[in-house]
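Visitor: Please choose one part of this model and take me through it slowly, explaining each term as it comes up.

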Amino acid sequence: MTVIEIAKRAGVSIGTVDRVLHNRGRVSEETRQRISAIISEEGYQPNPLARHLKRNRVYLIGVLVPELEKESRYWDLIHEGIRKAVAELSAFSFSLELFTFVRPDRESLANAFARMRAADCSAYIIAPVMQEETLALLWGEEKKVPYAFIDSFLPGADPLVTVAQDPFKGGQVAGRLMDLLAPAPASYAVIRPYSEAFNLNERARGFREWFANRSGVRLLDLVCSELRMDEVHSLVERAIRENPDLKGIFAVSAIGHKIADYLHDKGLKSGLAFIGYDLVDDNVRCLRDGRIDCLISQRPEEQGRLVMQQIYRKIVLEETTTSLIDMPIDIYFKENLL
C-alpha cells in the first residue's frame, strides 16, 4: 500500500498522511488514529530509496588512507575500487573526498582526520593502519559520524563494517606455503615494516604460529621501516650472511619487490624462497621473473567496492550492514597470473 492509497482510504490529503508517518505537524487525534489503524492493518513500510530520491541529497564520503602513491601504490588500488563503486551508485548522489596521511607520522594522521571532520561528511571510510592513534581520534569525536574500516581490523572500535582479510590466517597460509617451497630444517625471516599495524603484526604472528614447536626451525623477526630502504637492505643482507641455513623470506606487506630486486641485483636470491603480499605492479613483475616465488592477495579493489556498498545500504536503504566482510586469501604463482 502506498501513501496515496492510505490517503484515499482515510479521506485525507497525502500531506496529512506524511505528517502522521513522520510524527510532525498538527493532526487531530481522531485522524491520526484512523490513519494509524490503516497503516497497521495493511502493514505499510516506508520506501527509503524513494525517500532518498525525493530529497535529492548529496552524501559526502570521507576516505582516510595513507598517501596513494606510497607503499607500492597499494592504497591507490583501494581508492580505485571505492571510486568505481561510487560511479556504479551515481544515481544516489555520493561524492568522495580523499584525506591522506604520511605513515607512520602521528601528526599527519591527526591533521588529515581533522580536515575530514571539518568537511561535514555523511560517513567515513578509514584504513586503521595506525591502531592507537586512530582509536583515540575516533573516541574523541563529538559528532558521531558512521564509519567503516578497510584493509584492517581495529580492536576496540565499533565500525559499520570491516572489510579485510583475516591477517592471522594469511600468515598461516604463508607458513604452509613456505613449508612446501623450502622445507625444514631451516631458518626463515619475517620482514615486518610498520610495527604499529595490527594486520601486519597478525600476519607475522600467524606465520610464527604455523612453525610453533617445530624442531629444526628458527624464525627471524626483522622489524624495519619502508621509509629507510637502505637500512632494510642491510638488515636482510646481514640476516643472510649470519644465518647460512636461511631458506625463506616472508614479507608481510607490499614491500616485497623492493627487497626481492635488491637480492637479485646482489646475487643473493639463489637458495631462498620468497613469499610476498599484494598484487601491486612491481610485485607482479617480480613474480613473473622469479624474484618472488609466491604472492598472497587480498583484493584491494574489491575491498573498496564492498565497503562502499555497505555504506549505501546504511545511508540510502537504511538497512543493517554486515559487520564483517572477510576477504579471501588468494595465492598466486607465476603460472596462474592472468
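Guide: What follows is a close look at one sheet, and after that at some spaces and loops of the chain.

The model is predicted, and for that reason local features need a pLDDT of at least 70 and side-chain atom pairs count only at pLDDT 80 or more, while totals for chains, interfaces and linings use all residues. Residues are numbered from 1 along each chain as its sequence is written, and side-chain values use heavy atoms, with hydrogens and water left out.

Helices (DSSP runs of H or I with at least four residues) and strands (runs of E with at least two) are numbered from the N terminus. Six strands form an open sheet in the order β7-β6-β8-β9-β10-β12, and their pairing is mixed; two strands are said to pair if DSSP finds at least two bridges between them. At the edges stand β7 (217-224) and β12, and because each has a single partner strand, one side of each is left without a neighbour in the sheet. On average, neighbouring strands of this sheet are turned by 20 degrees against each other, direction ignored. Such angles run from 0 to 180 degrees between the N-to-C directions of axes, which are lines fitted to C-alpha atoms, for helices over the stretch in contact.

Strands of a sheet pair through backbone hydrogen bonds, either parallel or antiparallel. Here β8 (residues 246-251) and β9 (residues 273-277) run parallel and are joined by three bridges, and Phe250 stands opposite Ile275 in β9. How many of the residues of β9 are buried? Five of its five residues are buried, where buried means under 20% relative accessible area, exposed over 50%, and partly exposed in between, with a 1.4 Å probe and protein chains only. In a regular strand the side chains alternate between the two faces of the sheet. On one side of β9 the buried residues are Ala273, Ile275 and Tyr277, and on the other they are Phe274 and Gly276, which leaves both faces covered.

Two helices lie across strands of the sheet. Helix α9 (residues 198-210) lies across β6 (186-193), β7, β8 and β9, and runs at about 170 degrees to β6; contact here means heavy atoms within 4.5 Å. Helix α12 lies across β9, β10 (294-297) and β12, running at about 150 degrees to β10.

Both helices also help to line empty spaces, which are found on a 1 Å grid over the protein atoms alone. A cavity is a set of points where a 1.4 Å probe fits but cannot get out, a pocket is an open set with protein on both sides within 12 Å along at least five of seven lines, and lining residues have an atom within 4 Å of a point. Grid points are joined across faces, edges and corners, and a volume is the space filled by probe spheres set on the points.

The structure holds one cavity of 30 Å³ or more, and the largest cavity has a volume of about 130 Å³. It is lined by 16 residues, of which Glu71, Arg103, Leu200, Ser253 and Asp278 are the closest to its centre. The largest share of this lining, three residues, comes from α9. The second largest pocket has a volume of about 190 Å³, and α12 (281-288), α13 (300-315) and β12 (330-332) each supply at least two residues of its lining. Among the residues that line this pocket are Leu279, Asp281, Arg299 and Tyr332.

Lastly, some loops deserve attention. Most residues other than glycine have a negative phi, and most peptide bonds are trans. The bond from Arg103 to Pro104, however, is cis, with omega near 10 degrees, and Pro104 sits in the loop between β2 (94-101) and α6 (106-118). Ala184 and Pro185 are likewise joined by a cis peptide bond, with omega about 5 degrees, and Pro185 belongs to the loop between α8 (167-181) and β6. In the loop between α9 and β7 lies Asn213, which has a positive phi near 60 degrees although it is a residue other than glycine; at 83% relative accessibility, Asn213 counts as exposed.
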